[in-house]
Amino acid sequence: MTPNTYREIHLANRPEGIPTDNDFNFVEKEIPAIGTDELLLKTLYLSVDPYMRGRMKDQKSYVAPFELNKAISGGIVAEVIESKSEHFTQGDIVTGSMDWAEYNAVEAKSVQKVDPSIAPISTRLGVLGLTGLTAYFGLLDIGKPQEGETVVVSGAAGAVGSIVGQIAKLKGAHVVGIAGSQEKIDYLINDLGFDEAVNYKDDNFKEAFQKTIPNGVDVYFDNVGGEVSDAVIVEINRNARVVLCGAISAYNNPEADIGPRIQWKFITTSSMMKGFTLGDYAHDFKTGAQDLGKWLQEGKLKYEETITEGFDNTPKAFLGLFDGSNLGKQLVKVADPDFAKL
């Protein structure tokens, strides 16, 4: 039986610094009736991602900020509970960008079917979803790693970084990961096959990092910014490529992020730094998804998921992104399916 009401999570305040539980508000609403070509969906998994912190600020960016006192939105895997579309039936699994809510009523054209026989459905929010595609296009289109080159990845044990390093290995590169705990260092080397990994929290980080790159840095995939990236950029080689994917070290900084002047390094090495967002590659998602799926089925890609149980714990899972508690992709499991046979 579908309940009469559901809950969604609103942005209650625009955080100053690190968000707190007080910045989120759970709101109860009635389950809506759906119209022609619409679906009623029950959320099974939802994604929490670092970029969402930027959307909590009232500032111009590549995507509109979240509105106060309205639902936060993001990637979701859901089950079709009711369909008024000829293309979907009860029990289908779908994915798309939806509200952080236990139920969503959406237009059928706004979601895509998920085939549970290919891989666990949660992977459509990680390695086979926007996370994997971000790693794929950022590294291969901008980084262009060549066999024998040195690729450095910051945030290497995170959802994007862990996939970047593995793809770089597939291309024959020497891969160095930067992460924040010994557990993550061991994971990168022993499970994912990184050649080297260093802990940026260690007092001797810079010296330890320099030992891992005797031939310098040809490609740097930057997920964190800040002092970690300062240490990497001074080591780039001639014609190096720096891929700017994220800057999580500064997301909760209420002041402007100030660092060293690095233009000289790019001039003297004839190197390139380029930022991107995944939307830049929307026209080619199918190609990326096919390659990622093939590598996963062939056992060439591994992934890790940190799954927090319960819709009530969504804010907690989001806040955990900023203390480095997650390994791989951070998800929230909201519910089990009612009708789907997974």
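The following legends describe close-up views of a predicted model. Local features are restricted to pLDDT of at least 70 and side-chain atom pairs to pLDDT 80 or more, whereas totals for chains, interfaces and linings use all residues. Residues are numbered from 1 along each chain as its sequence is written, and side-chain values use heavy atoms, with hydrogens and water left out.

**Figure 1. The largest nonpolar core comprises 38 residues.** A nonpolar core is a set of buried Ala, Val, Leu, Ile, Met, Phe, Trp, Tyr and Cys residues joined through side-chain atoms within 4.5 Å. Buried denotes under 20% relative accessible area, exposed over 50%, and partly exposed the range in between, with a 1.4 Å probe and protein chains only. Leu-139, Ile-167, Leu-188, Phe-221 and Leu-292 have the most contacts inside this core. Two or more residues each come from α2 (130–143), β8 (150–154), α3 (159–170), β9 (174–179), α4 (182–191), β11 (217–222) and α8 (285–297); of these, α2 gives the most, with 6 residues. Helices (H or I, at least four residues) and strands (E, at least two) are DSSP runs numbered from the N terminus. Another core, of 28 residues, lies apart from the largest one and includes Phe-24, Leu-46, Ile-76 and Ala-317. In soluble globular proteins, nonpolar side chains tend to be buried together.

**Figure 2. Surroundings of Leu-139 and the loop that holds Lys-144.** Contact is defined as heavy atoms within 4.5 Å. When neighbours within four places in sequence are set aside, Leu-139 is in contact with Lys-144, Pro-145, Val-151, Val-164, Ile-167, Ala-168, Val-219 and Phe-221. Lys-144 is located in the loop between α2 and β8. Although Lys-144 is not a glycine, its phi is positive, at about 45°. With a relative accessibility of 44%, Lys-144 counts as partly exposed.

**Figure 3. The two sides of helix α4.** The buried residues Lys-184, Ile-185, Tyr-187 and Leu-188 belong to α4. Seen down the axis of α4, the buried residues fall within an arc of 160°, so they line one face of the helix. The arc is that of the directions from the helix axis to the C-beta atoms. An α-helix has 3.6 residues a turn, so residues three or four places apart point the same way. Glu-183 and Asn-190, on the other side of α4, are exposed. The cover over the buried residues of α4 includes β9 and β10 (196–199). Gly-193, just after α4, adopts a positive phi of about 85°.

**Figure 4. The cavity found in a search of the whole structure.** The search returns 1 cavity of 30 Å³ or more, and the largest cavity has a volume of about 80 Å³. On a 1 Å grid over the protein atoms alone, a cavity is a set of points where a 1.4 Å probe fits but cannot get out, and lining residues have an atom within 4 Å of a point. Grid points are joined across faces, edges and corners, and the volume is the space filled by probe spheres set on the points. The lining of the largest cavity consists of 13 residues, of which Val-127, Ala-159, Tyr-303, Glu-304 and Lys-329 lie nearest its centre. Helix α3 gives the most to this lining, with 3 residues. By class, the lining has 4 nonpolar, 6 polar and 3 charged residues; here Ala, Val, Leu, Ile, Met, Phe, Trp, Tyr, Cys and Pro count as nonpolar, Asp, Glu, Lys and Arg as charged, and the others, Gly among them, as polar.

**Figure 5. Val-80 in strand β4 (residues 73–83).** Val-80 is buried, with a relative accessible area of 0%. Residues up to four places away in sequence being excluded, Val-80 touches Leu-39, Leu-40, Leu-41, Thr-89, Gln-90, Gly-91, Asp-92, Val-94 and Phe-339. The C-alpha atoms of Val-80 and Ile-93 are separated by 6.3 Å, with these positions 13 residues apart along the chain counted as their separation.

**Figure 6. Buried loop residue Asn-326.** Asn-326 occupies the loop between α9 (314–320) and β15 (329–333) and is buried, with a relative accessible area of 10%. Beyond residues up to four places away in sequence, Asn-326 touches Lys-184, Thr-306, Gly-320 and Leu-321. Asn-326 and Gly-158 are 7.3 Å apart in space, C-alpha to C-alpha, and 168 residues apart in sequence.

Methods:
On a 1 Å grid over the protein atoms alone, a cavity is a set of points where a 1.4 Å probe fits but cannot get out, and a pocket is an open set with protein on both sides within 12 Å along at least five of seven lines; lining residues have an atom within 4 Å of a point.
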